[in-house]
Amino acid sequence: MSSGLNIFVLVKQVPDQGSKAGINPDGTIDRAKAKRMLNPFDRFALQAALHAKKNYGGKVSAISMGPPPAVEILLECLEHGVDDAYLLSDRRLAASDTLATAFALFKTVAHVGKPDLVFCGLQTTDGDTAQVGPQLAERMGLPQITYCEDFSIEGNKVHGRRIIEGGYQKVVSEMPLLITVANSYHPLEYKSFRGAWRVQRLARNEEELKKYIHTVDLDLVGADPERTGLKGSPTIVAATEKVGEIGGNCRMHEGQSIDHLVKDVVKETNLAQFMTV
Amino acid sequence: MSDRIEYDLLLVGGSPSNLTLAYRFLQLAKDSGKDFSIAILEKGKEFGSHILSGAVSNPHVIQKIFPDYKEKGMPIEAVCNDSNMSVLGMEKKWDIPKKLYPKTFDKTGYLVLTLSHVTNWLANQVQALAKDVPNVTVDLFTGFAAHSVAFEEGKVVGVSVSEEPQSEEDYVYGKITCFGDKGFISREVIDQYKLRDCQQIWSVGVKEVWQLDEKAENVEGKVWHTLGYPLIDGTFGGGFVYGMKDKKLTIGMVISLDSADPNMNPQQKLQDYKKHPFIQKMIEGGKLLKYGAALLPEGGYYSLPKKFYVPGAILLGDALGVLNVKNLAGIDRAMECGYVGAKVAFDALIKGDTSEAALAPYQQQLEDSFVIKESYNDRYFRWAFIENPKLLGQYLPDMVKSIDKSSPWMGMLKIGFKNPLGATKDGIRSLGLIEGKLDIGPIKYKPDFTHIVPDFVKPKYDEPKYDKATIYSRADAVFFAGTKYHEGNRHIDEFNADTCVKCISKYDKLGKDTPCVSDCTAEVHRVDVIDDLKKHGMSLENCVHCRTCEIVCPEVNLRVKPTSQGSGPDFIGL
């Protein structure tokens, strides 16, 4: 592969778990009130993409879908060392479910180019469906390695290790390929000061910034608006229930060893009845 | 790529002092016709997320820089309309008549602030002003701490932005570096140039913000500073309760770390404080919103570094130690440092001279200002209580008892009867020191941990009745500090594990916890039993960066360092 890999990483901006996001009357999350951050699961995908670039050469493009403030996470990706970024932002995308989202992303990815590798996080912390990655692979007609916690590339083949219940599974697939990265993968490395410095410079110059962060809409990527947003989403949120306040009682157990501590906890609670050993 | 990144001004710490400096500098540079560059490093994930204060503050310095601070939307929680100084018994509270306490404790007309919000607002103001001053570039770096100071040929030239700097890539340079941190990094400068004759001494502030019940009485603008319960063991310190808008309430304590009690536990002292009926009445049915802790440099005048500047750098705010305990004030003083520092830095950069001599006016101007003048007047305030432990160890507890049983006046009489000559003599000398009228020359504090008495016996008392739902264990409280760490973080150094083993065994024999375990404000330090040996362990993911453990460690075996990538607590709202 003389020209190097064309690597895409899909990222999403989610409400910061630390801030208390409100809930709209219709049961969806009130995103305006919450602080925002890069989806923690995507941090592993981003690291995997950067690893692939570092080890096998190529170029990383970050792709996101969301309202204009989502540019913040794309700047963060640039700080970490991705080469360029694309933001699909369109009011008609509001209230998209996973089907509509995967469709819009599929069109966006096709607009951006032909990837060798597409990395996604396992899931997001706001929707927690873990469906968009696999759906996107299906739409693109690509094989996929989900729950991938390690990978290497030999020739045109990707050797991946995926977590399964009770162990792991080794799989081999040809590129192009979509990988959803498990959170047992290497955590995202610290961004460099140089990277942050470069992005600060960039962010001051709007014209220059446009060369690195491309904002696209549904018309540009050629996605039928009927198949996105609320219209394109068969999912209906029937109700959202608040299951109590976060916070509660925490007790620190101290003692000889983990075994002792576990025994203590079991003794103090009614867990014993569920124990099989 | 390996070119140096150099700014004209490198500001270490997104503190009120540094942000004031940046803002003032922009004002000065606006019509100068010259180009400048400023970088601000903030270790928190956003400006304000690692800052915590009481706070009730005199807006005089804010007014100088932002005459229109109200229009500019500075976040203000309340304007103090009722300032009280009170002594707490176990059950009752005595509001001291205004004539009997120093007028510096009267905060009427001052602003009740959430310093994290104010700091964030300041950073936004700097950014907004920078847009109008195209000849100055301002880069704000959040999530980047300075990890060590870079010296070249006897001059401060910048800082490293990596825990383990490898190459030029890991440094950022400044023609003038301004240290507005809380000592995490400026201590390297102070050590390098041997600037300290007298030890800095510290206290820890623990604070909670509550959302009061809808039916609770509106106390917006009411301010209480209290002495007495629960600090009746001779430890210097006190409590504060500030009423804020939207039925929010600040409850906090400031407790000196020179306590004789090795198991002082500031977070639990704050819980004890909340058990007092005076506070119970207010928080009943309310909800805890935030918790946090931070250190305060209390040494005052004699703990100031000999020089406030070194070649290529100046020290501001808490890095300097301008907090004034008698005034219960620090924010205005820190901001004044920034205000003065901006002009000196501006003049130095215009002249192209950042030598020691060029920065010397910074110290002169601060010495001519209220900051150091008041610090000089109050130079013995803290010392008066160290010199005579009876004030807090004997007279105050007697007073506390009388407040519950008879009256404060009877208490004073009793103190007089019990110590017919002593009390009067003590009173005259201490008052002389407190008021700054008696001059006893320079003083030298001993490190805080040297005051620890390992077999200290805590005074016993019956706790007031309280609602359990309003009291939080330390482990529960940490949740409300919003700590978040990146994987692999190790920001507290333990120098020698054997030293900790010995220390643990020593306190174990006395039936006590080590000071690091008990005084930690966030359930970080713990004792692990490994192969029947009790060892020191740390749950670093809980840490709120207060640095208490480092100060109280009797073996000087711990060091708290800045963290990377915005790890740490989230104090926004405190």
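Me: What share of the contacts in chain B with a separation of 6 or more comes from residues 24 or more positions apart?
Reply: In this predicted model, such residues account for 78% of those contacts. A contact here requires C-beta atoms within 7 Å.

Me: Why is chain B called as compact as a globular protein of its length?
Reply: The globule rule gives 25 Å for 574 residues, and the radius of gyration of chain B is 23 Å, close to that value, so chain B counts as that compact. Its C-alpha trace spans about 70 × 60 × 55 Å along the principal axes.

Me: What makes a residue of chain B buried, and what percentage of the 574 residues is buried?
Reply: A residue is buried if 20 or more other C-beta atoms lie within 10 Å of its own. In chain B, 55% of the residues meet this.

Me: Which strands of the nine-stranded sheet in chain A are called edge strands, and why?
Reply: They are β11 (167-174) and β13 (213-216) of chain A, because each pairs on one side only. The sheet is open, and its pairing is mixed.

Me: How do you know that β1 and β6 of chain A pair?
Reply: Pairing needs at least two bridges. Seven bridges join β1 (residues 5-11) to β6 (residues 58-65) in chain A, and the two strands run parallel. Within this pair, Val9(A) stands opposite Ala62(A).

Me: What does the side of chain A that touches chain B consist of, by class?
Reply: That side has seven nonpolar, seven polar and three charged residues. The contact takes 17 residues from chain A and 22 residues from chain B.

Notes. Residues are numbered from 1 along each chain as its sequence is written. Chains are lettered from A and ligands numbered from 1 in the order in which they are written. This is a predicted model: local features need pLDDT of at least 70, side-chain atom pairs count only at pLDDT 80 or more; totals for chains, interfaces and linings use all residues. Helices (H or I, at least four residues) and strands (E, at least two) are DSSP runs, numbered from the N terminus. Two residues are in contact if their C-beta atoms, placed from the backbone, lie within 7 Å. Ala, Val, Leu, Ile, Met, Phe, Trp, Tyr, Cys and Pro count as nonpolar, Asp, Glu, Lys and Arg as charged, and the others, Gly among them, as polar. The radius of gyration is taken over C-alpha atoms; the globule rule is 2.2 Å times the number of residues to the power 0.38. A residue is buried if 20 or more other C-beta atoms lie within 10 Å of its own, exposed if 12 or fewer, and partly exposed in between; C-beta atoms are placed from the backbone.
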